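These are my notes from going through one model, entry by entry. I wrote down what I looked up and what came back.

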Amino acid sequence: MPYLYHYTTGENFVKIIESGELWATQISCLNDAQECQSYCRLIREETDKRRSADNGGVLPKTIFESLSGISEGVIAEKLPMLPLFVACFSTESDDLSQWRAYSQGREGYAIGIEAGENMPVGCRLVRVQYEPEEQRRLVKGILDVVEKFVGDQDIFQDLERLHPRIRQTCNRDEQ
């Protein structure tokens with residue numbers, strides 16, 4: 001089974017070892033607002049494309065109206081209420097960019113865990129997607145399902161679940 005590595009400071013390493021716990025951050029507390037903005041932009045672009053006359057206006061009006069109003073503010077308002085938590089891991093055991101980002105210029109540690117082992121109930125590992133084309137494919141996939149099966153129901157839940165998987169290209173070193 002492959003290992004994943006969680007980079008951290010010496011202080012946090014001690015806390016993790018003493019408690020036997022690795023904590024995750026609630027998604028609304030992440031420090032990169034650009035990720036939320038780019039995610040909203042992807043949703044709006046695909047929604048507009050599906051509703052455009054050039055594309056035959058295939059997106060049902062009710063779905064289009066629900067999604068066309070999606071904005072960073074709407075997502076930001078809903079995020080604190082979601083039970084979505086994020087902990088970052090890397091497949092690299094010795095990555096300079098990770099040491100720089102997570103050791104705060106002091107001593108740092110990379111804690112290796114077996115992928116998928118001892119996961120608490122309700123937790124799952126998902127690979128973050130950095131490639132814009134793959135991000136679009138993921139958003140398109142959800143909209144395909146919405147168009148086919150959901151109809152008039154609220155679709156924010158699936159779109160919000162996808163948000164942690166869409167990351168900026170500049171954060172690619174976290175893989």
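**Entry 1: Glu46**

I started with Glu46, which is buried, with a relative accessible area of 8%. The model is a predicted one, and I read every value below with that in mind. Glu46 counts as buried because its 8% falls under the 20% cut-off. I placed Glu46 in helix 2, which spans residues 33-51. I then looked up its partners beyond four places in sequence, and found that Glu46 touches Val139, Lys140 and Leu143.

**Entry 2: the largest nonpolar core**

Two of those partners, Val139 and Leu143, came up again when I listed the largest nonpolar core. This core has 8 residues, and the others are Tyr39, Leu42, Ile43, Leu67, Leu138 and Ile166. Which elements give two or more residues to this core? I noted helix 2 and helix 6, the latter at 132-150. I also logged a second, separate core of 7 residues, with Ile27, Cys40, Leu79 and Leu84 among them. As background, nonpolar side chains in soluble globular proteins tend to be buried together.

**Entry 3: two members of that core**

I took Ile43 next. Ile43 sits in helix 2 and is buried, at 0% relative accessibility. For a partner far along the chain I checked Arg136, which is 93 residues from Ile43 in sequence, while the two C-alpha atoms are 8.5 Å apart.

Then I looked up Ile166. With neighbours within four places in sequence left aside, Ile166 is in contact with Glu35, Tyr39, Leu42, Gln129, Gln135 and Leu138. Of these, Tyr39, Leu42 and Leu138 are listed with Ile166 in the largest nonpolar core.

**Entry 4: Gln37**

Is Gln37 buried, partly exposed or exposed? I read a relative accessible area of 33% for Gln37, so it is partly exposed. Gln37 also belongs to helix 2. I recorded a C-alpha separation of 9.1 Å between Gln37 and Ile75, which are 38 residues apart along the chain.

**Entry 5: strand 4 and the loop after it**

I moved to Ile111, which is part of strand 4. Ile111 counts as buried, with a relative accessibility of 14%. What does Ile111 touch, not counting residues up to four places away in sequence? I listed Leu4, Tyr5, His6, Thr8, Phe13 and Ile16. Between Ile111 and Ser93, which are 18 residues apart along the chain, I noted 8.5 Å from C-alpha to C-alpha.

I also checked Ala115, which lies in the loop between strand 4 (108-114) and helix 6. Ala115 is buried too, at 16% relative accessibility. Leu125 is 10 residues from Ala115 in sequence, and their C-alpha atoms are 7.8 Å apart.

**Entry 6: the second largest pocket**

I wrote down a volume of about 810 Å³ for the second largest pocket. Of the 30 residues that line this pocket, His6, Asn12, Trp23, Thr25 and Tyr102 are the closest to its centre. His6 was already in my notes as a contact of Ile111.

Which element supplies the largest share of the lining? I found that strand 1 does, with 5 residues. Strand 1 (3-9), helix 1 (10-19) and helix 5 (96-102) each supply at least two lining residues. By residue type, I recorded 14 nonpolar, 10 polar and 6 charged residues in the lining of the second largest pocket.

**Entry 7: the whole chain**

I left the overall figures for last. The protein has 7 helices and 4 strands, and from the N terminus on I read their order as β-α-β-α-α-α-β-α-β-α-α. The protein has 175 residues, of which 31% count as buried; Glu46, Ile43, Ile111 and Ala115 are among my buried entries. I noted an accessible surface of about 10900 Å², with 50% of it belonging to carbon and sulfur atoms. Among contacts between residues at least 6 apart in sequence, 83% join residues at least 24 apart.

Methods: Residues numbered from 1 in each chain as written. Predicted model: local features only at pLDDT ≥ 70, side-chain atom pairs only at ≥ 80, totals over all residues. Heavy atoms only, no water. 1 Å grid on protein atoms, 1.4 Å probe; cavity = no way out; pocket = protein on both sides within 12 Å on 5 of 7 lines; lining within 4 Å. Points joined across faces, edges and corners; volume = space filled by probe spheres on them. Nonpolar A, V, L, I, M, F, W, Y, C, P; charged D, E, K, R; others polar. Buried < 20%, exposed > 50% of the residue type's maximum accessible area, 1.4 Å probe, protein only. Contact = heavy atoms within 4.5 Å. Core = buried A, V, L, I, M, F, W, Y, C linked by side-chain atoms within 4.5 Å. Areas by Shrake-Rupley, 256 points an atom, 1.4 Å probe, with all protein chains shown as cover.
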